[in-house]
Amino acid sequence: MQTDTLTYLIISGVIALLLALFQYAYKSKIKGKRAWFLTMLRFITYFSIFVLLVNPKFDKVTYYNEKPNLVVAVDNSESVSYLKQSQTTTDFIETLKSNQELNENFNLEFYSFGKEISPSEAYTFDEKQSNLALVFDRLSEVYNNAISPTLLISDGNQTYGTDYAYMTKRYKQPIFPVILGDTTTFTDIKIQQLNVNRYAFLKNKFPVEIIATYNGNTAVNTQLKVSKGNTTVFSMPLSFSKTETSQIITFTLPANRVGVTSYKADVIALENEKNTINNVKNFAVEVIDQKTNVAIVSELLHPDLGALKKSIESNEQRKAEILNTEEFLKNSNDFQLVIVYQPTTNIEKLYAEIDRLKLNKIIVTGIKTNWNVLNTLQSSYKQVLTNQTEDYQPSLNQNYATFSVDNLNFSEFPPLKSEFGEIKFSVPFETILYKSINGEQIDTPLLATFETNDKREALLLGEGIWRWRAQSYINDKSFNAFDNFIGKLVQYLSTNARKTRLNVNYESFYNGNDNVKITAQFFNKNYEFEDNANLNITLKNQDNDEIQSFPFVLKNNRYEVDLSGLGAGNYTFTVKVNTENFSTSGELKILDYNVEQQFLNANVSKLQSLASNSKGNAYFIDNTTSIIDNLLNDSRFATIQKSTKKVVPLIDWKYLLALIAFSLAAEWFIRKYNGLI
């Protein structure tokens, strides 16, 4: 208690006593014990009131021990069981859990990881991918501010995500890899990598690149064969030695039939080779008979042009060229879609040519757009001219019904700069993105689509879309989400097909380790998204006639079904709306490939480097007896005593009020009883 507070209490006691004596001792008619008793009650009343006003407090210090965390991240991928380490891993985890001294000194936290990471103490070792970089990325969000040594129980073989070797720059904790495997070297030959385009064009040839590697000490000869069904379409002899351990084979194959064609690349196994699964890789190519050429026409130089070109060409079925008006007019017949970027002056010939060829188009406007000319050349919309600019952020219209649009967190995207003023449409239109100012959405489109005279058009009212592509990369470490968004817009504008109430989005084929997800949208008669529909997909495996059915799950403004558990094979499917008589069918292929079975050994050197860079130690799973002792004896992980100081009141105000009420009541009763009132 502070000295000032004690002084106030003493002064309060003196004042309370003087007031009580003044009332019952100085010139009072009440004498004897009764006067002294009433004086005491009045003193209690006054002093309690003063104490309530002073509210004395004192510091309460509490001491407690804070144990460090011991984070245990366990590789739950199939490669662990394939390397025959699942049982030893389970036994080691049980040893950690049952060690009393370890639990007394650490807070044990268990995680399992494959393609994702989650808290878990049950391990099945059946994940199709392993993303070690994500482990440290997620753990850094939780444990970077506390002492948290980390046991990484893994073979170190990563099949997905960024390289985890550099994650120690972000994850500031000592890492102790427990290596599942050994350093034994086996003779092995495998297809290290196969590169091929996903799409090819009819009557063309598409390139294939195969990288074959060898691990051994003697010279060997083998053969590479590429087959389609029972037919060998390419073969080549291969030779390896201790010094010549890899070969790059490049060749072309013809694209003679529209649709998905599957191939198998196979390196003939060596005698006594332990792992022959990694000798084979299946791949597929979808042959198409057309390619969309997009003209990006502008008289300006702007980073938006490059961003649009890169997004469009991320799909191999599309090609984009940046042209000025004169260049476009010379080759206008080569294009199926035109993007007019910030039309300025002298665009009459451009619009006339687009109308003559009946091409769909995207109009992108900005601060240099000549709205006087643009308002004159077309009648679908008019911009109110103010000669002022404004920054508008995007806000997604969840009810956009023309095609499915993923929410890329548009509200966090940088604003686009555009003409300030109202845009008035004279034709029916649908808004993809609304304008938003200072976080408030306004009922004005930023990006809209509409159809007139059997032609489709999109209008983007702002420049600076290159910043959106950059922001998408910052959010997702990939341009894919933004490129897919632009790709869907281009796909919609590249065709004049009629809208359907049931739209299903899927790929023609998937690799064995891909997420096999199919999305769908169902609209009512007014083409408004129906969020209470009941959709099912029925799949038939054409190889064994097995039929399976799965329900779709509503996610935001679309329905989704995850078919990642399906085995390899050719499938036909039908998506049906159970509440109405709507259905659509298609075909897809899942290729037989398990990346987790491609590894013969643990990645020992990389895990040891990870331990060294993080000031930890690496251990092999067969020699783990010293791990617990080393953790317990490491001075960096000692239990820390901490204290908390709280300022608490000396007396609870409720008790003071009760005491005041009691003293006043007792005083009143005594005076009343003795006829003094």
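**View 1. Lys517 and its partner across two strands.** Let us start with a single pair: Lys517 stands opposite Asp562, a residue of strand E32. The model shown here and in the other views is a predicted one. Strand E32 covers residues 558-562, and four bridges tie it to strand E28 in the antiparallel sense. Another pair to look for along these strands is Ile518 with its bridge partner in E32, Val561.

**View 2. Strand E28 and its cover.** Strand E28 spans residues 517-522 and is mostly covered, with five of its six residues buried. Strand E26 (residues 502-505) also pairs with E28, again over four bridges and antiparallel. Here the pair to find is Leu502, which stands opposite Phe522 of E28.

**View 3. The four-stranded sheet around E28.** Stepping back a little, we meet an open sheet of four strands in the order E26-E28-E32-E31, paired in the antiparallel sense. Its edges are E26 and strand E31 (553-555), each of which pairs on one side only. From one strand to the next, the twist averages 30°.

**View 4. A six-stranded sheet with mixed pairing.** This open sheet has six strands, in the order E4-E3-E2-E5-E6-E35, and its pairing is mixed. Strand E4 (117-119) and strand E35 (619-620) stand at the edges with a single partner strand each, so one side of each has no neighbour in the sheet.

**View 5. Strands E2 and E3, side by side.** Within the six-stranded sheet, strand E2 (residues 69-75) and strand E3 (residues 107-113) run parallel and are joined by seven bridges. To get your bearings, look for Val71, which stands opposite Glu109 in E3.

**View 6. Helix H6 lying across the sheet.** Helix H6, residues 132-143, lies across E2, E3 and E4 as well as strand E5 (150-154) and strand E6 (175-179). The helix runs at about 145° to E3.

**View 7. The chain that holds these details.** To place the close-ups, it helps to know that the protein chain has 15 helices and 36 strands. Its radius of gyration is 38 Å, well over the 26 Å that the globule rule gives for 677 residues, so the chain is more spread out than a compact globule. Along the principal axes, the C-alpha atoms fill a box of roughly 125 × 80 × 50 Å. Buried residues account for 47% of the 677. Of the contacts between residues at least 6 apart in sequence, 72% join residues at least 24 apart. The chain exposes about 35,200 Å², of which carbon and sulfur atoms supply 48%.

Terms used
Residues are numbered from 1 along each chain as its sequence is written. This is a predicted model: local features need pLDDT of at least 70, side-chain atom pairs count only at pLDDT 80 or more; totals for chains, interfaces and linings use all residues. Side-chain values use heavy atoms; hydrogens and water are left out. Buried means under 20% relative accessible area, exposed over 50%, partly exposed in between (1.4 Å probe, protein chains only). Two strands pair if DSSP finds at least two bridges between them. Contact means heavy atoms within 4.5 Å. Axes are lines fitted to C-alpha atoms, for helices over the stretch in contact, and angles run from 0 to 180 degrees between N-to-C directions. The radius of gyration is taken over C-alpha atoms; the globule rule is 2.2 Å times the number of residues to the power 0.38. Accessible areas come from the Shrake-Rupley method with a 1.4 Å probe; for residues, only the protein chains shown count as cover.
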